[in-house]
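Biologist: Hi! Could you walk me through this one, step by step?

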Amino acid sequence: MEMWLKEAQIKDAAMTYKVKETLVRKKTNYQDLTIVDTEAFGRMLLLDGIVQTTIADEYVYHEMITHIALNTHPNPEKVLVVGGGDGGTIREILKHSSVQKAVLCEIDAEVIKECKKYLPEISCALEDERCEIFIGDGIKYVHEHKNEFDVIIVDSTDPFGAAEGLFGGSFYREISDCLTKGGIFVAQTESPFYLPDVVKRVYKDAKDVFPITKLFMAGIPTYPSGFWSFTMGSKKYDPENADISDKPELETKYYTKKLHKACFVLPKFVENLTC
Ligand code: AAT
């Protein structure tokens, strides 16, 4: 019998994936966690029925949420990831030799445990000695650490439930205080096609806090609509005009130094959300 998984991406539209095998399905203290093996995208992590990452296309998201910020900063030594329990962002951060410590603050220990077991290609760097794992709420962690991180990456679920407070002005002010002097913040900020109001609000909230605020995009096949936005707030360094010529070439599949500049050129309907 054929098994198909249906992901409701918005109220009135869904994606379906042909499933080979269900590897784990459980309720954690925070969410419903599922890992399936799919025909088209390989293993896939879903939280509350929403696709978070897949083996086939995870590199786009993890490279873009990481390398634009880390290459813009001249010497990122200490980096914080809020969320991101699958470990993909940590894997990308640790490709930068300047990084001495990468802290992962994930609310749900079960995400880390199951990704270590079933998604080793993504979670492999969680065992690195430069990685420190903290289980807890990112909002509290950021509040309790001041002037500490050169880069903060918010790799979170969508703005509902535990992640709701990770999108918006009061959290961005706390982020700014948690960053060092020339610090840079970047967050995944949803689909400008399906959630233009969220993208617009988040951009405005970041702009109220950071001297330099930029939106950039990447094409992510398994995220709703494929169009995906990231919002960056920077205290000093402009990602679009940063001189990255001396930065070492990274082993990547999506990010390039050319794309570092090009990803800030936005389609008109997205650019309009930043005015
Ligand atoms: N690397 C791509 C995977 C993710 S998962 C996002 C993680 O954020 C989840 O493991 C969730 O448990 C964690 N999280 C949610 N809220 C908090 C919080 N308040 N503090 C710490 N961690 C949190 C991102 C996928 C993006 C999907 C877009 N549709």
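Modeller: Happy to! One term before we start: two strands pair if DSSP finds at least two bridges between them. Also keep in mind that this is a predicted model.

Biologist: Got it. So how many bridges are there between strand 1 and strand 2?

Modeller: Seven bridges, and the two strands pair in the antiparallel sense. Strand 2 covers residues 13-27. To see one spot on screen, find I10: its bridge partner in strand 2 is A13.

Biologist: What actually holds paired strands together?

Modeller: Backbone hydrogen bonds do that in a sheet, and the pairing can be parallel or antiparallel.

Biologist: Nice. What order do the strands take in that open sheet of five?

Modeller: The order is 1-2-3-4-5, with antiparallel pairing. Strand 1 (3-10) and strand 5 (50-54) are at the edges. Each has a single partner strand, so one side of each has no neighbour in the sheet. From one strand to the next, the twist averages 50 degrees.

Biologist: Anything odd in the loop between strand 4 and strand 5?

Modeller: Look at D48, which is found in that loop. Its phi is near 50 degrees, a positive value in a residue other than glycine.

Biologist: OK, new topic: the other sheet. What's the strand order in the open sheet of seven?

Modeller: That order is 8-7-6-9-10-12-11, and the pairing is mixed. Here strand 8 (131-135) and strand 11 (212-219) stand at the edges. Each of them has a single partner strand, so one side is left without a neighbour in the sheet. Neighbouring strands of this sheet are turned by 15 degrees against each other on average, direction ignored.

Biologist: Do strand 9 and strand 10 run parallel or antiparallel?

Modeller: Parallel, joined by five bridges. Strand 9 spans residues 149-155 and strand 10 spans residues 179-188. F149 stands opposite L179 in strand 10.

Biologist: And what comes between helix 5 and strand 9?

Modeller: A loop, and N147 lies in it. N147 has a positive phi of about 55 degrees, although it is not a glycine.

Biologist: Now the ligand! Where does it sit?

Modeller: The space it takes is the largest pocket. It is surrounded by 26 residues, and the closest are H62, D86, E106, G138 and D158. Helix 1 (58-72) and strand 7 (101-106) each supply at least two residues of the shell around the ligand.

Biologist: Which side chains come up to a nitrogen atom of the ligand?

Modeller: Among them are three to click on. An N or O atom in the side chain of H62 is 2.7 Å from a nitrogen atom of the ligand. For D86, a polar side-chain atom lies 2.6 Å from a ligand nitrogen. For D137, the distance from an N or O atom of the side chain to a ligand nitrogen is 3.0 Å.

Biologist: How much of the ligand does the protein bury?

Modeller: Taken alone, the ligand exposes 670 Å², and the protein buries 99% of that.

Note on methods. Residues numbered from 1 in each chain as written. Predicted model: local features only at pLDDT ≥ 70, side-chain atom pairs only at ≥ 80, totals over all residues. Heavy atoms only, no water. Helix = DSSP H or I, 4+ residues; strand = E, 2+ residues; numbered from the N terminus. Axes fitted to C-alpha atoms, helices over the stretch in contact; angles between N-to-C directions. Near = heavy atom within 4 Å. Polar contact = N/O pair within 3.5 Å; in protein donor to acceptor, adjacent residues only side chain to side chain. Areas by Shrake-Rupley, 256 points an atom, 1.4 Å probe, with all protein chains shown as cover. 1 Å grid on protein atoms, 1.4 Å probe; cavity = no way out; pocket = protein on both sides within 12 Å on 5 of 7 lines; lining within 4 Å. Sits in = over half its atoms within 2 Å of the grid points.
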